[in-house]
Amino acid sequence: MVPLYFVSTNHNKYLEIESILQKYRISVVFSKLVLTEIQSDSIEEIAIEKSKYAFAEISRPVIVEDDGLFICQLNGFPGQYSSYVYKTIGNDGILKLMNNSKQRFAVFKSFLAFSDDMNHYGFTGESEGRIAFGVTEGGWGYDPIFIPNGSDLTFGQLQILNRKTEFSHRAKALKRFAQWYNQNYKGMSTYEYKRDS
Ligand code: IMP
């Protein structure tokens, strides 16, 4: 069977992706690679270009995933700069910027890109919610400050209870991807894959 690779430097993402894809009977191999990231205002474009670089590196069907946390009160910040902002000001810095505002609506967006030598497809997932007033325990990245709609707990607290995927942006994008992948690729032998491509 043609193996599917997930290329990233983020092992936390891989663990989530592996466990979600298992539910759809898709196994995925982690490839830890730093990929060139283009400058763009669109996480969709960044992810598609990254998946093309990833395919060029490993010559196997590959998925990459880019995320952004878009906070309404901050005009969509940190958005496509989420990774840099997390590394620089972190969750405490975001809470300071929020300045105890009552308006705390936010959306976590996932964009998952698939590439092989012929095809480039994207799958999106969104989780709407709000920014907590404090940093909770659990999870990684912005998990401790994001409360998805339908829950009173942050992603961090939900992660501890093994319930984050019920709400997560990533799980929604992966569901769309898995349905498409299982119809088009699953079970294809390496021979068939090469012949059809
Ligand atoms: P990137 O897609 O890896 O660039 O992610 C952007 C930023 O969002 C990084 O700082 C990640 O740590 C953070 N992030 C992405 N997905 C999640 C998540 O599911 N929970 C919490 N933080 C996340």
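# Exercises on a predicted model

The mean pLDDT of this predicted protein model is 91, with 93% of residues at 70 or more. Over residues 189-197, though, the pLDDT is below 50, and that stretch has 15 contacts in the model beyond near neighbours in sequence. Where pLDDT is low, don't read the predicted coordinates in detail.

## Exercise 1: the largest pocket

Work out what volume the largest pocket has, which residues lie nearest its centre, and which elements line it.

Solution. Start with the volume: about 930 Å³ for the largest pocket. Next, look at the lining, which has 36 residues; Lys13, Glu37, Asp66, Ser82 and Ser83 are the ones nearest the centre. Then go by element: β1 (4-8), α2 (43-58), β3 (62-71), α3 (82-88) and α6 (169-184) each give two or more residues to that lining. Last, sort by class, and you get 15 nonpolar, eleven polar and ten charged residues.

## Exercise 2: two helices from the lining

Check the lengths of α2 and α6 against the rise expected for a helix, and list which of their residues are buried.

Solution. Take α2 first. It has 16 residues, so at 1.5 Å a residue it should span 22 Å; the end C-alpha atoms are 22 Å apart, and the two agree. For burial, pick out Ile43, Ile46, Ala47, Ile48, Lys50, Ser51, Ala54, Phe55 and Ile58. Note that a lysine, Lys50, is in that buried set. Just after α2 comes serine 59, with a positive phi near 55°.

Now α6. This helix also has 16 residues, and from first C-alpha to last it reaches 23 Å, close to the expected 22 Å. Its buried residues are His169, Arg170, Ala171, Ala173, Leu174, Phe177, Ala178, Trp180 and Tyr181. What do they pack against? The partners are β1, α1 (11-23), β3, β5, β6 (120-131) and α5 (155-160).

## Exercise 3: following Arg170

Find what surrounds serine 110, glutamate 65 and glutamate 16, and trace where Arg170 turns up.

Solution. Step one is serine 110, in strand β5 (residues 105-115). Is serine 110 buried or exposed? Its relative accessible area is 2%, under the 20% cut-off, so it counts as buried. Setting aside neighbours within four places in sequence, serine 110 touches Glu65, Asp66, Asp67, Phe123, Thr124, Gly125, His169, Arg170 and Ala173. Serine 110 and arginine 170 are 60 residues apart in sequence, yet their C-alpha atoms are 5.5 Å apart.

Step two is glutamate 65, one of the contacts of serine 110. Glutamate 65 sits in strand β3 and is buried, at 4% relative accessible area. Beyond four places in sequence, its contacts are Phe6, Lys13, Ile17, Ser110, Phe111, Leu112 and Arg170. With isoleucine 17, the gap is 48 residues in sequence and 9.7 Å from C-alpha to C-alpha.

Step three is glutamate 16, in helix α1. This glutamate is buried too, with a relative accessible area of 6%. Its contacts outside the four-place window are Trp140, Gln159, Lys164 and Arg170. For a pair that stays apart, try glutamate 16 and asparagine 91: 75 residues apart in sequence and 21 Å apart in space, C-alpha to C-alpha.

Put the steps together: Arg170 is in the contact list of serine 110, of glutamate 65 and of glutamate 16. Arg170 itself is among the buried residues of α6.

## Exercise 4: backbone oddities

Locate the cis peptide bond and the asparagines with positive phi, and say where they lie.

Solution. Recall the usual picture first: most residues other than glycine have a negative phi, and most peptide bonds are trans. Against that, the bond joining phenylalanine 77 and proline 78 is cis, with omega about -5°. Proline 78 belongs to strand β4 (residues 78-79).

Next, the phi values. Asparagine 75 isn't a glycine, but its phi is positive at about 55°. Asparagine 75 is in the loop between β3 and β4, and it is exposed, with 77% relative accessible area. Asparagine 100 has a positive phi of about 55° as well. You'll find asparagine 100 in the loop between α4 (90-98) and β5. At 59% relative accessibility, over the 50% cut-off, asparagine 100 therefore counts as exposed.

Notes: Residues numbered from 1 in each chain as written. Predicted model: local features only at pLDDT ≥ 70, side-chain atom pairs only at ≥ 80, totals over all residues. Heavy atoms only, no water. pLDDT = per-residue confidence, 0-100. Contact = heavy atoms within 4.5 Å. 1 Å grid on protein atoms, 1.4 Å probe; cavity = no way out; pocket = protein on both sides within 12 Å on 5 of 7 lines; lining within 4 Å. Points joined across faces, edges and corners; volume = space filled by probe spheres on them. Helix = DSSP H or I, 4+ residues; strand = E, 2+ residues; numbered from the N terminus. Nonpolar A, V, L, I, M, F, W, Y, C, P; charged D, E, K, R; others polar. Expected span 1.5 Å × (residues − 1). Buried < 20%, exposed > 50% of the residue type's maximum accessible area, 1.4 Å probe, protein only.
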